[in-house]
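Let's take a walk through a protein model, one piece at a time. Keep the picture open while you read.

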Amino acid sequence: MEVIGLIAEYNPFHNGHLYQINKIKEMYPDSLIILILNGYFLERGIPSIESKETKTELALKYGIDLVVELPFVFGTNSADIFAEKSLELLNELKINKLVFGSESNNIDNLITIAKTQLDPEFDSRFKEYLATGINYPTALNKAIGIELNEPNDLLGVSYIKAILKNNYNIEPITIQRTNSYHDTTSNDEIISASNVRAKLEENLDISKYVPEAKVSKINEELLFNLIKYKIVTEHDLSIYLTVDEGIDNRLKKVINNVSSLDELITSIKTKRYTYNRIMRMLIHILIGLTKEDKEQIQNNEYIRLLGFNSKAQEHINKIKKDINLPIVTKYTSVESKIKDYELKAAAIYKLITNDDVLSFELSNKPI
């Protein structure tokens, strides 16, 4: 039996995700699919428009066998950390294939790029290009020597690097992406998550694009005001993760002159500080994730099961003796800073959506 790994954010769960699951079942009929799921706040720092509970329910309903949590402290980080910690969990769960969507669908090319980035000389070459004043993506492409701009391919390279760096016995497999992440206007049956979110912002019906519409309404004004309160009242913002030297002063300087999150990010955005990087930083400030705590949190400390079926239960029982991390179903029994930050993220998410997500976090049982 093939044990397939997936890594996803489901923001929201849409027809493209269902297509991917069905394609995996077509390619590997006798397989078990394990999903590493990002929760309330995502890799780009933005809040999810579907709760962790909703995403877990939909994943199980539409073909995933086991759903495992990617903790907030790793899920709201750079692509490399996001990928590294997701693969860490999947390796523990004994997958033998990682499947991900790809714009190019050229796995050999992606592996070549990953190996280039792992070359000891790559970092110094990349920093030299960055020092010339060009933006991060352009410097990255010049250092690699191959143009790579599409988000799924970029993330795929991070997955492959994690596999190669750690010598995991995992084969990366691509599935051709059927649409562009950047397209926010098309009306095909399968569109990107960003397109679905754009249609929601315009109050358009999204039922054509998702198996089920169970989205949460994000109170953007409240989110901005909570972030503003933290920036205004905190004496030293530099203690928080991803707040680099100097950016804390700029935040203090502009915060009272802006009236929305977009305005705030636009006012401090530069070639070095991209929109996504700033958004992650603001979420770290809001949740209170400090550099000191993150220094102590280097690796996953447990495997938290969000949901599973009987097939997955058999797999877990079979491999349990070979898993190095404790498997968690009762969250209240966990003593960990990773868990503490997960609950903080849930509490903030509850404030900005009015969804009672803390009940799911503390219910002591997976779906």
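Which residue follows α2, and what sign does its phi have? The residue is Gly 63, and its phi is positive, near 125°. Keep in mind that what you're looking at is a predicted model.

## Helix α2 and what surrounds it

Now step back into the helix itself. α2 covers residues 52–61 and is mostly covered, with seven of its 10 residues buried. Those buried residues are Lys 52, Thr 54, Lys 55, Thr 56, Leu 58, Ala 59 and Leu 60.

What do they pack against? Three strands are on the list: β2 (31–38), β3 (66–70) and β6 (303–308). Two helices are there as well, α16 (337–353) and α17 (357–361).

## Helix α9, also mostly covered

Helix α9 (residues 193–201) is another mostly covered one: seven of its nine residues are buried. If you want to find them, look for Ala 193, Ser 194, Asn 195, Val 196, Arg 197, Ala 198 and Lys 199. Just after α9 you'll meet Asn 203, which takes a positive phi of about 60°.

## The nonpolar cores

The largest nonpolar core has 112 residues. Within this core, Tyr 10, Phe 41, Leu 98 and Leu 264 touch the most other members.

Let's zoom in on Leu 98. Leaving out residues up to four places away in sequence, Leu 98 touches Gly 5, Leu 6 and Ile 7, then Leu 87 and Leu 90. Its other contacts are Tyr 159, Ile 163, Ile 170, Glu 171, Pro 172 and Ile 173. There's also a second, separate core of five residues, which includes Ile 191, Val 196, Ile 206 and Val 210.

## Two helix crossings

First up are helix α12 (residues 261–268) and helix α13 (residues 275–287). Their axes come within 10 Å and cross at roughly 120°, which makes α12 oblique to α13. The crossing is right-handed. On the α12 side, the contact is made by Leu 261, Asp 262, Leu 264, Ile 265 and Ile 268. On the α13 side, look for Tyr 275, Ile 278, Met 279, Met 281 and Leu 282. Sort the residues of this contact by type and you get nine nonpolar, no polar and one charged.

Next, find helix α5 (residues 107–118) and helix α8 (residues 151–165), whose axes come within 8 Å and cross at roughly 65°. The crossing of α5 and α8 is right-handed. From α5, the residues that meet α8 include Ile 107, Leu 110, Ile 111 and Ile 113. Among their partners in α8 are Asp 153, Val 157, Ile 160 and Leu 164. The residues of this contact divide into nine nonpolar, one polar and four charged.

## One histidine, one proline

Is His 315 buried or exposed? His 315 has a relative accessible area of 7%, so it counts as buried. You'll find His 315 in helix α15 (residues 310–319). Skipping residues up to four places away in sequence, His 315 touches Val 3, Leu 32, Ile 34, Leu 93 and Lys 94.

Now look at Pro 29, in the loop between α1 (15–27) and β2. Pro 29 counts as exposed, because its relative accessibility is 70%. Try spotting Glu 2 from there: Pro 29 and Glu 2 are 27 residues apart in sequence, and 8.8 Å apart in space, C-alpha to C-alpha.

Methods: Residues numbered from 1 in each chain as written. Predicted model: local features only at pLDDT ≥ 70, side-chain atom pairs only at ≥ 80, totals over all residues. Heavy atoms only, no water. Core = buried A, V, L, I, M, F, W, Y, C linked by side-chain atoms within 4.5 Å. Buried < 20%, exposed > 50% of the residue type's maximum accessible area, 1.4 Å probe, protein only. Contact = heavy atoms within 4.5 Å. Axes fitted to C-alpha atoms, helices over the stretch in contact; angles between N-to-C directions. Helix = DSSP H or I, 4+ residues; strand = E, 2+ residues; numbered from the N terminus. Parallel < 35°, antiparallel > 145°, perpendicular 65-115°, else oblique. Left-handed = near helix turned anticlockwise from the far one by under 90°. Nonpolar A, V, L, I, M, F, W, Y, C, P; charged D, E, K, R; others polar.
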